[in-house]
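Good morning. Please have the sequence and the picture open while I talk, and stop me if a term is unclear.

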Amino acid sequence: MKTFLRLAFLTTLIAFSSQTTNAQCTVSNIVIQNVRVIGSTPTTCTAKFDVTFNIESNNGNKFIFIHVWLQNNYP
């Protein structure tokens, strides 16, 4: 019985690991314009800008978050 359970677990593990994964969304044609610096200090910068883009996403998306870093601090 133990051998059967091990074999069934291994077969299931291989079946799930062989499936390909897809990204949550695809973003294209990103355009950033009307950039205005509102305030800055030596360690922070606050800016206001307009951004437009095309997104191909799944039907379950409720929110879209945009994260911005300085180029030298990009993770």
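I will start with a definition: helices (H or I, at least four residues) and strands (E, at least two) are DSSP runs, numbered from the N terminus. The chain has one helix and two strands, and along the sequence the pattern reads α-β-β.

What you see is a predicted model, in which local features need a pLDDT of at least 70, side-chain atom pairs count only at pLDDT 80 or more, and totals for chains, interfaces and linings use all residues. Residues are numbered from 1 along each chain as its sequence is written, and side-chain values use heavy atoms, with hydrogens and water left out.

Now confidence. pLDDT is the predictor's confidence in each residue, from 0 to 100. The chain has a mean pLDDT of 78, and 79% of its residues reach 70 or more. Confidence is lowest in helix α1, residues 2–17, where the mean is 70. It is highest in β1, at 87.

Next, the strands. Two strands pair if DSSP finds at least two bridges between them. How many bridges join β1 to β2? There are eleven, and the two strands run antiparallel. A hairpin of four residues makes the connection from β1 to β2. Here are two of the bridge partners: V37 is matched with A47 in β2, and I32 is matched with V51, also in β2.

Let me stay with A47, which sits in strand β2. For exposure, buried means under 20% relative accessible area, exposed means over 50%, and partly exposed is in between (1.4 Å probe, protein chains only). A47 is partly exposed, because its relative accessible area is 38%. Contact means heavy atoms within 4.5 Å. Leaving aside neighbours within four places in sequence, A47 is in contact with R36, V37 and I38. A47 and V35 are twelve residues apart in sequence, yet their C-alpha atoms are 6.8 Å apart in space.

What share of the 75 residues in the chain is buried? The figure is 0%. Accessible areas come from the Shrake-Rupley method with a 1.4 Å probe, and for residues only the protein chains shown count as cover. For the chain, the accessible surface comes to about 7,500 Å², and 59% of that belongs to carbon and sulfur atoms. On contacts between residues at least 6 apart in sequence, 32% join residues at least 24 apart.

That brings me to a surface patch. Patches are made of residues with over 30% relative accessible area and no salt bridge; like charges are joined within 9 Å, and nonpolar side chains (Val, Leu, Ile, Met, Phe, Trp, Tyr) within 5 Å. A salt bridge is a side-chain nitrogen of Lys or Arg within 4 Å of a carboxyl oxygen of Asp or Glu. Here V27, I30, I32, V35, F49, I55, I64, I66 and V68 make a nonpolar patch of about 830 Å². Two elements, β1 (25–40) and β2 (45–57), give two or more residues to it. β1 gives the most, with four residues.

Take two members of the patch. I30 lies in strand β1, and I30 counts as exposed because its relative accessible area is 56%. I66 lies in the segment after β2. Is I66 buried or exposed? I66 is exposed, because its relative accessible area is 53%. Not counting residues up to four places away in sequence, I66 touches V51 and F53.

Last, two backbone angles. Most residues other than glycine have a negative phi, and most peptide bonds are trans. N29, in strand β1, has a positive phi, near 55 degrees. N34 also has a positive phi, of about 55 degrees, although it is not a glycine. N34 has its place in strand β1. As for exposure, N29 is exposed because its relative accessible area is 55%. N34 is partly exposed, because its relative accessible area is 44%.

That is the end of my part. Thank you.
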